[in-house]
Amino acid sequence: MSKARFSNNIQIKNRKVSYEFELLEKFEAGMVLKGTEIKSIREGKASVREAYCYLQNNEVYVKGLSISPYSSASFKSHPITRERKLLLTKKEIQKLRSKTEEKGLTIVPVKLFINNRGFAKLEIALARGKKHYDKRDDIKKKDQKRELDRLKI
């Protein structure tokens, strides 16, 4: 087993989430994983693109987070997309519960990363869905910023 294959500076981002949602508040959550799942994440073989979070029985779960099977696993591999429990404090869970009961707020996964202690963490955000005209405004602002940056150089 070579050390070069695994990396602790893994950051798998959901780029679409900032376009689709207005991110109000971010939280960092640990995840309950199996052995082959953390090894696959360290190889960078995961996707948060289709994932979403929900609350059930005072616990937060993520569904749709796909982690590819570990390449060197023999026979005991994990299911690619399964519900994974997120580890948050009671205070954070209560805050998320009260905010999601408001109209239009949801919990979305933003980024999957390995922290400096080697644990897999999922950055989740409390978000409000954007309307179509909000998305057009964002595109216009991004284009204007790009033009200004070109003129500065």
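**Reasons behind the labels in a predicted model**

Trainee: What makes Asn-58 partly exposed?

Mentor: In this predicted model, Asn-58 has a relative accessible area of 47%. Buried would require under 20% and exposed over 50%. The value of 47% lies in between, so Asn-58 is called partly exposed.

Trainee: Where is Asn-58 placed, and what is notable about its phi?

Mentor: Asn-58 sits in the loop between β4 and β5. Its phi is positive, about 55 degrees, although the residue is not a glycine. Most residues other than glycine have a negative phi.

Trainee: Asn-57 is also found in the loop between β4 and β5. Why is Asn-57 called exposed?

Mentor: The relative accessible area of Asn-57 is 67%. The label exposed requires over 50%, and 67% satisfies that, so the label applies. Asn-57 likewise has a positive phi, near 55 degrees, and is a residue other than glycine.

Trainee: How is the protein chain as a whole arranged, and how many helices and strands does it have?

Mentor: Its secondary structure comes to four helices and nine strands. In sequence order the pattern is β-α-β-α-β-β-β-β-β-α-β-β-α. The C-alpha atoms fill a box of roughly 50 × 45 × 25 Å along the principal axes. Of the 153 residues, 35% count as buried.

Trainee: Which residues touch the most other members of the largest nonpolar core?

Mentor: That core has 26 residues, and Leu-86, Leu-112 and Ile-124 touch the most other members. At least two residues come from each of β2 (21-31), α2 (35-42), β5 (59-63), α3 (90-100), β8 (105-114) and β9 (120-129). Strand β9 gives the most, with four residues. In soluble globular proteins, nonpolar side chains tend to be buried together.

Trainee: How do you know that Glu-37 forms a salt bridge with Arg-84?

Mentor: The closest N and O atoms of Glu-37 and Arg-84 are 2.9 Å apart. A salt bridge requires a side-chain nitrogen of Lys or Arg within 4 Å of a carboxyl oxygen of Asp or Glu. A separation of 2.9 Å meets that limit, so the pair qualifies. Glu-37 lies in helix α2 and Arg-84 in strand β7 (residues 84-87), so the pair ties together parts that are 47 residues apart in sequence. Both residues are buried.

Trainee: Why is the contact of Lys-85 with Glu-59 called a salt bridge?

Mentor: The N to O separation is 3.1 Å, and the cut-off is within 4 Å, so the name is justified. This pair links distant parts of the chain, Lys-85 in strand β7 and Glu-59 in strand β5, 26 residues apart. Lys-85, at 28% relative accessible area, is partly exposed, and Glu-59, at 24%, is partly exposed as well.

Trainee: What makes Lys-63 and Glu-83 a salt bridge?

Mentor: Their closest N and O atoms are 3.5 Å apart, and the limit is within 4 Å, so the pair counts. Lys-63 lies in strand β5 and Glu-83 in the loop between β6 (66-67) and β7, so the pair ties together parts that are 20 residues apart in sequence. Lys-63 has a relative accessible area of 34% and Glu-83 one of 38%. Elsewhere, Glu-37, Arg-82 and Arg-84 are joined into one network by salt bridges that share partners.

Trainee: How many salt bridges are found in the whole structure?

Mentor: The search finds 11. Side chains of opposite charge can pair when their charged atoms come close.

Trainee: Which residues gather in the patch of positive charge on the surface?

Mentor: They are Lys-13, Arg-15, Lys-16 and Arg-49. Lys and Arg count as positive, so the charge of the patch follows from its members.

Trainee: What makes Arg-49 accessible enough for a patch?

Mentor: A patch residue needs over 30% relative accessible area. Arg-49 has 57%, so it passes this test. It also passes the limit of over 50% and is therefore called exposed. Its place is in the loop between β3 (46-47) and β4 (52-56).

Trainee: Where is Leu-33 found, and is it buried or partly exposed?

Mentor: Leu-33 is in the loop between β2 and α2. Its relative accessible area is 24%, and buried means under 20%, so Leu-33 is partly exposed. Leu-33 and Arg-84 are 51 residues apart in sequence and 7.1 Å apart in space, C-alpha to C-alpha.

Methods. Residues are numbered from 1 along each chain as its sequence is written. This is a predicted model: local features need pLDDT of at least 70, side-chain atom pairs count only at pLDDT 80 or more; totals for chains, interfaces and linings use all residues. Side-chain values use heavy atoms; hydrogens and water are left out. Patches are made of residues with over 30% relative accessible area and no salt bridge: like charges are joined within 9 Å, nonpolar side chains (Val, Leu, Ile, Met, Phe, Trp, Tyr) within 5 Å. Accessible areas come from the Shrake-Rupley method with a 1.4 Å probe; for residues, only the protein chains shown count as cover. The place of a charge is taken as NZ of Lys, CZ of Arg, CG of Asp or CD of Glu. Buried means under 20% relative accessible area, exposed over 50%, partly exposed in between (1.4 Å probe, protein chains only). A nonpolar core is a set of buried Ala, Val, Leu, Ile, Met, Phe, Trp, Tyr and Cys residues joined through side-chain atoms within 4.5 Å.
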